[in-house]
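Q: Could you take a close look at one part of this for me? I'd like a connected walk-through rather than a list.

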Amino acid sequence: MSTEMTGVVGITCLFVFLAFRMHIGVALALIGFAGISYIIDLDAGLNLLGMVPWSEGSSYTLSVIPLFILMGQFAFTSGISQDIYKAVHNWMGHLRGGLAMATIVACSGFAAVCGSSLATGATMAKVAIPEMEKYGYDLSLATGCVAAGGTLGILIPPSIGFIIYGILTEESIGKLFMAGIIPGLLLAFLFILAIYIQCLFRPEMGPKAEPTTWKVKFKSLYSTWTMLSLFVLVMGGIYFGVFTPTEAAGIGAFGSFVIAVARRKLSIATFIESLLATGNMTAMIFLIIIGANIFSSFLALTGIPFMLADLIVELALPRMVILMMIILVFILLGCVMDCYAIMILMVPILFPIIKAMNFNPLWFGVIMVIVLEVGLITPPVGLNVFVIKGAVPDVPLTTIFKGVWPFLIAAVFCITIIILFPEIVMFLPSKM
Amino acid sequence: MLIPPLIFPSEHQKNNIEEQSWGLMNIKNIINIMGIFSYLLSKLGCVALFAMMGLTVIDVVGRYAFNSPILGAFEITSFLVSILVFSFLGYAQSQKAHVTVDILVNTFSQKAQFLVKLFNYAVGLFIMILISWKGFEKAIESMETGDSPMNLSVPIHPFVFFLAFGCSIMCLEFLRDILRTIVKLREKETNL
């Protein structure tokens, strides 16, 4: 069997194992190990198994992952989402569909201190859905907008998605964060537009709430300053180079820890719970990273990523067609796999193509994150939808998926706009 | 390969249902007791995580406010990462935090689903045993050469030992999962 053939067999086996519900990290490690043992010898394979877990598992660069997850967990525990929601509620509630719009804005606000879509969706579901039910909102709109708004968590920095992409491609995490800000706001705006248009045609979907006085408006705004200043501190620090992303993550985690303590929301139990949840997620991501590293050593040995890149260059297809093909692959995988796993698995394979096609890595990263977001809310494995379902168990899944559709269209619009106008992504990072 | 005879003494497999359910109970207890390790280890991981956060903050504040960064903060952080990750591998497995894909298998018969699970856990056990074994080897090697990072006179081998230990605990968790799956399979069969 030629080396290339071994690679193809390896990749095929990988997908078979994944379809059979094997751990992604374990499957990657197994096939990487087996492949290298086959191509070189058993000792080489075993050595890799001895080396990679230590080199990845004791990496300073990777410490940015648990710290940013921890920041989001503390923000989640602090109940700050309620304040944000209340404030936006006061400002937008009197509009038609205003509460749903407020949910999107509040999600963006919470996403600014939390890098995880699932946490953003879960926390907003508990706050926003009961409120919308109270005002007689259409249930599919109410749940759909939370599911969609939650996905802003991995686009608006800090973002675990960008961190992983940055580590995989050796792009600057700081620049990726900056690149995500404007597209994140654009997507939030398009989500709001989607709500507006729906309510324009079917006003009964989102009845108006009673208007509030200016005094109440400004007073409720005041309660969100802690969170906003934390965001400014963390992102400003990265932007002006005061500290590295890892340091920013540590400071952000500490900041949201202080906020949670100050708001008296942090008991010993919730404190330990936050640490445990962070640890679990960290271990999960690291196991995938370790496995993927072993796997990509094997892939590099087979030369398949470069052959693939060469092949695609030789095909001389228009760049946009290739981009569309890549996006399609991501969407298909997004239907069946977790978004971090897709990223860790696919980026090393696709990155040579990105380089060969002269795509800007920041721009591609942003597009990829939005595409993966779409995966979070499409059936059958729309994780965010299941999180919402967990928060409101009496709403059937089909209702939520029905509510998600308009937001999917908005996301597709957003991707199109970003493809046509790369400046949206490049503006902030180019000023760094 | 790894599986039943050890755990199900053949006399229990005979018809005596009471006896058998007693056997199952016993194994369930063993499964629970085996979980203690990963549980305790996860608490250690919590300490490491919180320390990592504290260290970063003190380092940055020290650098800007007092012009005195912590010497070796970089190395200490890497050590803390290793403690965090390898103390949580087992616990994350016990909580089923690791991601799996979930479409095809749901269409299988229940027995087939159990077998697929068994196979997956066995593969996980196999790979983690190799990693633990190699980890211990690497730890002993680095103990003999006295490896230590540049800015810190702390040897790295205790941490490599910890890696191997954490991976062994994950093996234990895979073993627990295998036992648990077998028990469930048994219960299904006796109920039928």
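A: Sure, starting with how the elements are named: helices (H or I, at least four residues) and strands (E, at least two) are DSSP runs, numbered from the N terminus. This is a predicted model, where local features need pLDDT of at least 70 and side-chain atom pairs count only at pLDDT 80 or more, while totals for chains, interfaces and linings use all residues. Residues are numbered from 1 along each chain as written, chains are lettered from A in the order written, and side-chain values use heavy atoms, without hydrogens or water.

Thr143(A) sits in helix 8 (residues 139-150) of chain A. Its relative accessible area is 0%, so Thr143(A) counts as buried (under 20%; exposed is over 50%, partly exposed in between, with a 1.4 Å probe and protein chains only). What does Thr143(A) contact, leaving aside neighbours within four places in sequence? Ile129(A), Ile388(A), Val392(A), Val395(A), Thr399(A) and Ile400(A), where contact means heavy atoms within 4.5 Å.

Now for where the chains meet: 53 residues of chain A are in contact with 58 of chain B. Arg21(A), His23(A) and Trp54(A) supply 17% of the area chain A buries there, more than any other three residues (accessible area, 1.4 Å probe, lost on putting two parts together, summed over both). The rule finds one salt bridge across the interface: Arg63(B) pairs with Glu247(A) at 2.9 Å, N to O (a Lys or Arg side-chain nitrogen within 4 Å of an Asp or Glu carboxyl oxygen). Among the elements giving two or more residues to chain A's side are helix 13 (245-262) and helix 14 (268-302), and helix 14 of chain A gives the largest share, 13 residues.
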